[in-house]
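Student: I would like to go through this model step by step. Could we work from the sequence and the structure?

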Amino acid sequence: MPELPEVETIRKSLSGSICGRKILNLRLTKPKLLRGQKVVKVKSRVINTKILAVDRRAKYLILRLNKGMLVLHLGMTGQIFVASENRMKNKNIFKLPDKHTHFQLELSGGKSLYFRDTRQFGRVRFLENHEEHDYFKNIGPEPLEKQFKSDYLYQSIKQRSTNLKAVLLNQKVVAGLGNIYVDEACHAARVSPLLSGKRISLSQARSLYRAIRNVLQKSIKYRGTSISDYRDPDNNQGGFQNRLQVYGRAGQKCKRCGSIIKKAVVAQRGTHWCAGCQK
DNA sequence: CGTATTGTTTTGCC
DNA sequence: GGGCAAAACAATAC
């Protein structure tokens, strides 16, 4: 369940730990991770390149190489760790690589980047520089950048007949939101996730716009939400799970109005909201 | 052992 | 063919 704040936390960490290192070797035990790209090709493109920068687009991590880039998506249970093997053995955590580690970059300086993913919904892809634009063409604006405007959000919601939950999960509308932050943003904006898109008001859309940015920024500040699998590259948990207002709080009292938080499946996702203060 | 978990792609209906 | 709903993928916790 790594969403924008978790991926951004990982990006910052990697930016400090792997930039400037050379990729000495690439190990891939689950070729399926490449979704059809050939292992031989990716290896030949990646080995002996240098990592220049680590960027993020939506929930994708981008390792920029001196030629081309590696794009990583963590799916639902994906984890990235950076460690030297000796240090991993000394720490009282699982040994890396283990049976769920499907991808490893051996880096100069004795460290490795490990991609671990129990559910295997994650993916890795090598892109040439000119392929980047096409790869992300169906992804909407970054919610924390200034190109993302409240009028755009209002129009995008209003033109759709699906419920708000489905609209906000749609990466084409806005990038990076997932199940947790859609529920949290709707609660912060006092809008029901069940509301039909075309019935949203301008003021509701404006509240939602502020709520989305606010919730994401706060979660980044607390280094993301660790419900079950999420860890940063140093195996630290995030801190935002202690500050969630609705997600995972079904049956408990709303911290704002005291009503009982509801939970139901909406747009095929477990959805949490307060019927007392979300209209 | 059945159920719940969820991001993205694919499939299929209207 | 757009828009939307639902299936498919996959492993683990309970």
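The questions below deal with a predicted model, its nonpolar cores and one helix pair.

Student: Which helix supplies the largest share of the largest nonpolar core?

Tutor: The largest nonpolar core has 31 residues, and L153, L168, L177 and I212 are among those with the most contacts inside it. At least two residues of this core come from each of α5 (150-158), α6 (164-169), α7 (179-188) and α8 (202-221). The largest share is 8 residues, and the helix that supplies it is α8.

Student: How many residues does the other core have, apart from the largest one?
Tutor: Another core lies apart from the largest one. Among its residues are L33, V46, L113 and F126. The number of residues in this other core is 29.

Student: Which residues does L164 touch, not counting those up to four places away in sequence?
Tutor: L164 is one of the residues with the most contacts inside the largest core. Leaving out residues up to four places away in sequence, L164 touches I157, C186, V191, S192, P193, L195, I200 and L208.

Student: Is α1 parallel or oblique to α8?
Tutor: Helix α1 covers residues 4-17, and its axis comes within 9 Å of that of α8. The two axes cross at roughly 40°. Angles under 35 degrees count as roughly parallel, so this crossing makes α1 oblique to α8.

Student: Is the crossing of α1 and α8 left-handed or right-handed, and which residues of α8 make the contact?
Tutor: The crossing is right-handed. From α1, the contact uses L4, P5, E6, E8, T9 and K12. From α8, the residues are L216, S219 and I220.

Technical notes: Residues numbered from 1 in each chain as written. Chains lettered and ligands numbered in written order. Predicted model: local features only at pLDDT ≥ 70, side-chain atom pairs only at ≥ 80, totals over all residues. Heavy atoms only, no water. Core = buried A, V, L, I, M, F, W, Y, C linked by side-chain atoms within 4.5 Å. Buried < 20%, exposed > 50% of the residue type's maximum accessible area, 1.4 Å probe, protein only. Helix = DSSP H or I, 4+ residues; strand = E, 2+ residues; numbered from the N terminus. Contact = heavy atoms within 4.5 Å. Axes fitted to C-alpha atoms, helices over the stretch in contact; angles between N-to-C directions. Parallel < 35°, antiparallel > 145°, perpendicular 65-115°, else oblique. Left-handed = near helix turned anticlockwise from the far one by under 90°.
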